[in-house]
Amino acid sequence: MMLADWVSGSIFNEIAALLVLAAGVGFLGLLLRQPLIVSFIFVGIIAGPSGLAIAQSPEPIDLLAELGIAVLLFLVGIKLDVKLVRTLGLVSLATGLGQVAFTAGFGYLICLALGMDPVTAAYVAVALTFSSTIIIVKLLSDKREIDSLHGRIALGFLIVQDLVVVLAMIVLSAIGVGGRADAGPAEIAAVFGAGAAMLGVTLLFIRYLADPLTERLARAPELLIGFAIALAAAYAALGNALGFGKELGGLLAGVALASTPFRDAIAARLAPLRDFLLLFFFIALGARLDLANLGQSWIDASVLSAFVLIGNPLIVIAIMVALGYRRRTGFFAGLTVAQISEFSLIFMAMGVALGHVSADALGLVTLVGLITIAASTYMITYSHQLYARLEPALRIFDRRSAHAEEKAFDGADGAFDVILFGLGRYGGTIGRRLAADGRTVLGVDFSPLAVRRWRNDGLDAVFGDAADPEFVGALPLSRAAWVISSIPEQGGGVNHHDGRLVLLRALRDAGFTGRVAMTVHHQPDGDVLKAAGADLILEPFSDAADRAVDLLGSAAAARGRGAVEEDGQQPIWR
C-alpha cells in the first residue's frame with residue numbers, strides 16, 4: 001500500500017514506478033530468454049488492481065499506448081512496398097495463405113465448440129492467425145538462421161501475414177463505420193469519401209513530395225525522425241476524426257514514406273520508440289486482466305494455445321512438404337508460427353472499441369499470447385534438439401524426394417578432395433585458398449545466398465545443413481581426404497545437440513575414413529571435439545594471433561636484431 005500511496009495523485013511518480021518495474025521484470029525475462037512482450041504484460045498484471053495497484057491513471061497510459069500503436073502501424077506501412085510483394089515466392093505465398101486459412105477456419109470451429117458466440121469466435125479465430133515478425137526476426141538473428149532457407153521462407157510468409165493484418169484492419173474500420181447506430185447512408189458515404197480523398201492526397205504526396213521533402217529533411221536526421229513521428233500522429237488523428245480509426249491512419253502514414261530511399265533509416269531509428277510506447281499498451285492489457293475471473297479462462301486458453309503451438313506448425317510442414325521441401329525445413333519454418341503476435345491483441349482491442357466483443361475475449365487472447373509466445377520462444381531457441389526428439393513422429397510427412405530443394409540447390413557430382421561446411425568469411429577464405437592451391441573443394445552452407453555467391457565465383461557448392469544426418473550421408477565422401485567445418489559456435493559450449501558433434505556422428509555413421517577439422521573459439525570446446533573424433537582443431541583468433549607474432553618476429557629479424565628505430569626509441573624487437 002505504501003507504493004500505491006506514493007504514486008497516488010502524481011502521474012509522474014506513477015510512470016516512474018512503472019518504468020522501474022518494467023526494467024526489473026524485463027531483466028528477469030531476459031534471463032529466462034523471453035521476449036519483452038511477455039515481460040511487459042506481466043508488468044501490467046503486477047501493477048494492476050490485482051497486484052500492487054500502481055497503474056491508477058488509465059488516461060495517460062492509454063494515450064501513450066495509442067501513440068505506440070500509431071508508430072507500430074506506421075512502421076508496418078513503411079515496410080509495405082509493391083516491389084516487396086512481387087518478390088514473394090510461391091512457397092511463401094502458399095504457406096502464408098494456407099496457414100491463415102487453416103488457423104482461421106479450424107480456430108473458428110474450436111471457438112464455437114468452446115461456447116463462444118459467432119462474432120467472438122470469428123474475432124478470436126482471426127487473432128490466432130497472426131505471428132510476431134519482431135520476435136521471429138530477433139530469435140532467428142540470434143541463432144544466425146535469418147539467411148537460412150527456412151528463415152527466408154518464414155520471413156516471406158510473415159510478410160503475407162502482415163498483408164492479412166492490413167486487410168483485416170481495413171475490414172474492421174469499414175464495419176465500424178457501417179455498424180454505428182447513428183450512421184445513415186449519407187454519413188457512411190461521407191466517411192468513405194473522406195477516406196478516398198485522404199488516400200488520393202497520400203498518393204499525390206508519394207508521387208511529387210515524398211522524395212524531395214525527405215531528402216531535404218535528411219540533412220538533419222533528427223528533423224527527419226521528428227517529421228516521421230509527426231506524420232504518424234497526424235495521420236492517426238486525422239483517421240480517427242474522419243471515422244476510420246487511428247490504426248488505419250497510422251498505417252497510411254507509413255505507406256506515404258514507403259517508397260523513399262530513407263525508409264530503412266527511419267524504421268531503424270523509430271524501432272526503439274515503438275518498443276518504449278508499446279510498453280504502455282501491454283501494461284494496459286495486463287492491468288485490465290482480472291485475476292479473480294482468470295481461472296474461468298484457463299481451459300479455453302489452454303485449448304487454443306495447444307491449437308496454435310501444435311496445429312500451426314503442422315499445417316506449415318504439410319504445405320511445404322507438398323510443395324517439395326524436406327520435412328526438416330518445414331519443421332523449422334513451422335515453429336515460427338507457433339505463437340500469436342502483438343497485432344492479435346491490437347485486433348481484439350479494436351473489436352472491443354467497436355463493441356463487437358467483450359473485454360473478457362481480449363483477456364482470453366492476451367492469456368493465449370502469454371502462453372504461446374513464452375512456449376514458442378523456447379521451441380525456436382532449441383529447435384534442433386526438439387526436431388531430434390520428434391523426428392520419428394514426423395516421418396509421416398516423408399516423401400520420396402524434396403524436389404523443390406533439390407531443384408533450387410542441386411547436389412554436385414564427382415569426387416572432391418575437401419568438403420567444406422560453412423561459406424562465411426572464414427570458411428570461404430579457407431575454401432578459396434585451397435582451390436587456388438589446386439585442391440577440389442565442395443562448399444556446403446544452409447544459406448541460399450551463400451551458396452549462390454560461391455557458385456557465381458565458379459566453385460562447387462550445395463545447399464544443406466551439417467546437422468542433418470541424412471544430408472551428410474548423401475554427400476560424396478568416399479574420396480574426400482578432409483571434411484572441414486567452419487560453422488560458428490552457437491554459444492554455451494559443446495552439448496549433445498551441438499551441430500559439430502552431430503556432424504562428427506553423421507560422418508562416422510556414413511563410413512567416412514578421411515580426416516576432420518573443426519572450428520572453435522574456446523580451447524575447452526576443442527578438447528571435447530577432439531575427444532569425439534576430430535583430427536584437427538582450428539582456432540581462428542588464436543591461430544591468427546600466432547601468425548601475427550610470427551610476422552612480427554620475421555619483420556624484426558629482417559631489419560637486424562637490436563636495430564634502433566629512426567626516432568631514437570628502443571629497439572623494435574629484443
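This note goes through the predicted model point by point, covering its sheet, a surface patch, salt bridges and one contact in space.

1. Sheet order. The model contains an open sheet of six strands, arranged as S3-S2-S1-S4-S5-S6 with parallel pairing. At the edges stand strand S3 (460-463) and S6, each of which pairs on one side only. Ignoring direction, neighbouring strands of this sheet are turned against each other by 20° on average.

2. Pairing of S1 with S4. Strand S1 (residues 418-421) pairs with S4 in the parallel sense, and four bridges join the two. For a register check, Val 418 has Trp 482 of S4 as its bridge partner.

3. Pairing of S4 with S5. Strand S4 (residues 482-485) runs parallel to S5, again with four bridges between them. Trp 482, already named as the partner of Val 418, has Arg 515 as its bridge partner in S5.

4. Pairing of S5 with S6. Three bridges connect S5 to strand S6 (residues 536-538), and these strands also run parallel. Here the bridge partner of Ala 517 is Leu 536 in S6. Between the two strands the chain passes through helix H25 (residues 523-531), and the resulting β-α-β crossover is right-handed.

5. Cover of S5. How many of the five residues of strand S5 are buried? Four are, so the strand (residues 515-519) is mostly covered, given that buried means under 20% relative accessible area. In the strand order, S5 stands between S4 and S6.

6. Nonpolar surface patch. Phe 27, Leu 28, Leu 30, Leu 31, Leu 32, Tyr 378 and Tyr 382 make a nonpolar patch on the surface of about 730 Å². The most is given by helix H2 (residues 11-31), with four residues. Tyr 382 sits in the loop between helix H18 (359-381) and helix H19 (383-394). With a relative accessible area of 37%, Tyr 382 is partly exposed.

7. Salt bridges between sequence neighbours. The model has six salt bridges by the distance rule applied here. One of them joins Asp 264 and Arg 263, with the closest N and O atoms 3.9 Å apart. The cut-off for a salt bridge is 4 Å, so this pair is counted at 3.9 Å. Asp 264 is partly exposed at 47% relative accessibility, whereas Arg 263 is buried at 18%. Another salt bridge is formed by Arg 274 and Asp 275, where the closest N and O atoms are 3.0 Å apart. In that pair Arg 274 is buried, with a relative accessible area of 12%, while Asp 275 is partly exposed at 35%.

8. A salt bridge between distant parts of the chain. Which side chain meets Arg 327 in a salt bridge? The partner is Glu 391, at 3.1 Å from N to O. The pair links distant parts of the chain, since Arg 327 belongs to helix H16 (residues 327-334) and Glu 391 to helix H19, 64 residues apart. Arg 327 has a relative accessible area of 8%, and because buried means under 20%, this residue counts as buried. Helix H19 also borders the loop that holds Tyr 382 of the nonpolar patch.

9. Gly 226 and Leu 270. Gly 226 is placed in helix H11 (residues 221-242). Is Gly 226 buried or partly exposed? At 36% relative accessibility, Gly 226 counts as partly exposed. From C-alpha to C-alpha, Gly 226 and Leu 270 are 9.7 Å apart in space, with their positions 44 residues apart in sequence.

Definitions and conventions. Residues numbered from 1 in each chain as written. Predicted model: local features only at pLDDT ≥ 70, side-chain atom pairs only at ≥ 80, totals over all residues. Heavy atoms only, no water. Buried < 20%, exposed > 50% of the residue type's maximum accessible area, 1.4 Å probe, protein only. Pairing = 2+ DSSP bridges. Right-handed = clockwise from strand over helix to strand, strands pointing away. Patch = residues over 30% accessible without salt bridge, like charges linked within 9 Å, V, L, I, M, F, W, Y side chains within 5 Å. Areas by Shrake-Rupley, 256 points an atom, 1.4 Å probe, with all protein chains shown as cover. Axes fitted to C-alpha atoms, helices over the stretch in contact; angles between N-to-C directions.
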